Amino acid sequence: MRWSRMAWLAFAMSICVVAQAADTYRLEEPVDDTRVFGVGTRIDITGKTQPSPKIDPLPLVASAALSYRERRLLGPGTESESFRSLREYEQTHADIEVGGQKSTSQLANTLKLMVAQGRSDGVELYSLAGALTSNELDLVRSPADSLALMALLPSKPVSVGDKWTAPTWAFQMLTALDAVVKGELTFTLSSVEKQIARIKLDGTLEGAALSAVSQITVNGFFEYDLTQKCISQCDFTQVEKRGFGPVSPAFEFTARVRLLRRPASTPGKLNDQKLVDSAINEPQPTARYLRFESPWNIGFEYPRYWHLWKIQEKAAIFRLIDEGNFVAQCDLAPITPAKPGEHLSEMEFQRDIRQAMGERLRTIGTGEVLPATDRRYILRIVATGVDGERPLTWIFYLIADPSGRQATLSVTVDTGLVEALANRDREFLTSLRFGPAPAAPR
């Protein structure tokens with residue numbers, strides 16, 4: 001039987017359709033995938049940082065090595081908040097050099113079980129065993145986090161040469177920006193060889209982080225293993241230029257992240273269902289607090305919208321950033337101990353405030369003794385004044401424990417922002433504790 005020309009054409013078209021379907025790939029990681037993965041990350045950073053406009057930029061070099069097991073969990077929300085995982089960290093080490101000054105950082109073994117939660121301003125990490133310090137949090141946070149990479153996979157099947165873009169929240173989550181002015185992150189499925197799909201990425205982003213203007217350029221690739229059905233590696237470069245902010249210096253840096261990811265040969269602690277259940281449940285707000293330990297053996301836990309800005313010889317300074325806006329500053333300082341069972345009197349505390357405020361002071365209120373269940377003495381005094389033409393409100397606390405050890409907290413806020421501050425000036429008080437007095441230098 002002889003086929004008509006139209007029959008041959010239809011047959012040829014059907015072959016093309018079959019071929020096209022054979023070359024289409026679904027790149028996805030289902031949220032119900034309970035496999036445990038082993039992840040290894042190497043981060044290398046070079047650049048410069050400028051602590052203040054009065055200081056010349058300082059060279060910056062840093063490297064970090066992280067490895068952990070990870071198990072995907074169901075997130076509590078949509079978009080970025082649908083991404084959550086349980087992690088067991090193994091290696092956490094960083095070497096940092098700024099202006100010739102070297103330091104190292106490592107995570108305590110007791111804190112290595114963590115939850116990673118997607119947020120539009122980056123991947124949030126908190127330990128199941130206790131609060132992290134700000135340095136410990138910086139150690140485990142990385143550009144191109146494995147959880148953020150999952151959000152970059154295409155939402156529909158793709159063929160070699162196809163392009164797609166990431167939603168803005170996914171780009172933010174990848175680069176940890178608080179707000180975006182403009183930007184686009186584009187992906188191309190560049191090849192599929194030996195069951196490995198390689199995806200190129202390229203993008204720019206302008207926005208803000210911690211109230212500082214930031215410009216970011218990213219490029220690189222990541223690979224998806226079609227046999228294992230998972231992202232298997234990534235080579236990612238982030239170039240960032242950030243201006244001065246209320247809690248961070250200006251800097252320019254290039255960060256290269258190389259990541260390897262495979263199904264783990266052993267699940268470690270991540271097969272413990274009680275542990276998984278505790279990580280799935282939303283924690284108490286205090287579980288996300290950070291921990292501060294001072295050189296004077298005074299410590300406390302505090303919410304993450306307070307940021308440790310600097311530590312001076314006799315003061316630690318925190319600043320409150322709320323939805324990208326600078327709201328208030330809190331200064332913690334130790335003062336001369338009193339005799340056991342005693343403390344600075346209200347009259348003496350008011351005198352010290354007047355001396356410190358000088359001509360800025362306009363009014364000073366009567367002290368209020370706040371209740372405390374652990375025999376601490378807490379006195380609160382509110383004062384108002386001006387700095388130039390800027391109306392300010394100061395909230396002063398005197399905190400003393402039965403041993404006679406004492407400290408002051410002073411919170412400075414624009415008078416027009418007192419309502420926005422609400423009661424967050426009290427958030428350091430609940431957990432503030434005095435350790436043994438530091439040994440006197442010999």
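A strand, as I use the word here, is a DSSP run of E at least two residues long, numbered from the N terminus. I need that term for the cavity entries below.

**Entry 1: the whole chain**

I started with the overall picture. This is a predicted model. I counted 7 helices and 25 strands in the chain. I then looked up the span of the C-alpha trace along its principal axes, which is about 110 × 50 × 40 Å. The chain has 442 residues, and 45% of them are buried. Its exposed area comes to about 22,800 Å². Carbon and sulfur atoms supply 53% of that area.

I also checked contacts along the sequence. I took those between residues at least 6 apart. Of these, 59% join residues at least 24 apart.

**Entry 2: the largest cavity**

How many cavities of 30 Å³ or more does the whole structure hold? My search found 2. I took the largest one to begin with. It holds about 60 Å³ of space.

I listed its lining next. From the earlier part of the chain come Glu-29, Pro-30, Asp-33, Arg-35 and Phe-37. Glu-70, Arg-71 and Arg-72 also line this cavity, as do Met-150 and Arg-261. Which strand gives the most to this lining? I found that it is β3, residues 58-74, with 3 residues. Sorted by class, the lining has 7 charged residues, 3 nonpolar ones and no polar ones.

**Entry 3: the second largest cavity**

The second largest cavity has about 40 Å³ of space. Its lining includes Thr-41, Leu-66, Tyr-68, Arg-87 and Tyr-89. Further along the chain I noted Val-140, Ser-142, Ala-144, Asp-145, Ser-146 and Leu-259. Two elements give two or more residues each to this lining: β3 and β4 (83-98). So I met β3 again, because I had already noted strand β3 at the largest cavity. By class I got 6 nonpolar, 3 polar and 2 charged residues here.

**Entry 4: the second largest pocket**

I moved on to an open site. The second largest pocket has a volume of about 340 Å³. It is lined by 20 residues. Which of them lie closest to its centre? I found Met-150, Ala-151, Leu-153, Pro-154 and Ser-155. Met-150 was already in my notes, as part of the lining of the largest cavity.

Strand β9 (residues 163-165) gives the largest share of the pocket lining, 3 residues. The classes are 12 nonpolar, 6 charged and 2 polar.

**Entry 5: helix α4**

Is helix α4 mostly covered or mostly open? I found it mostly covered, with 7 of its 8 residues buried. The helix runs over residues 168-175. Its buried residues are Trp-169, Ala-170, Phe-171, Gln-172, Met-173, Leu-174 and Thr-175. Then I looked just past the end. Ala-176 follows α4 and takes a positive phi of about 65°.

**Entry 6: Ser-105**

My last stop was a single residue. Ser-105 sits in strand β5, residues 101-106. Why does Ser-105 count as buried? Its relative accessible area is 16%, and buried means under 20%. I then looked for its contacts, leaving out residues up to four places away in sequence. Ser-105 touches Thr-92, His-93 and Ala-94. Asn-135 and Leu-139 touch Ser-105 as well.

Note on methods: Residues are numbered from 1 along each chain as its sequence is written. This is a predicted model: local features need pLDDT of at least 70, side-chain atom pairs count only at pLDDT 80 or more; totals for chains, interfaces and linings use all residues. Side-chain values use heavy atoms; hydrogens and water are left out. On a 1 Å grid over the protein atoms alone, a cavity is a set of points where a 1.4 Å probe fits but cannot get out, and a pocket is an open set with protein on both sides within 12 Å along at least five of seven lines; lining residues have an atom within 4 Å of a point. Grid points are joined across faces, edges and corners, and a volume is the space filled by probe spheres set on the points. Helices (H or I, at least four residues) and strands (E, at least two) are DSSP runs, numbered from the N terminus. Ala, Val, Leu, Ile, Met, Phe, Trp, Tyr, Cys and Pro count as nonpolar, Asp, Glu, Lys and Arg as charged, and the others, Gly among them, as polar. Buried means under 20% relative accessible area, exposed over 50%, partly exposed in between (1.4 Å probe, protein chains only). Contact means heavy atoms within 4.5 Å. Accessible areas come from the Shrake-Rupley method with a 1.4 Å probe; for residues, only the protein chains shown count as cover.
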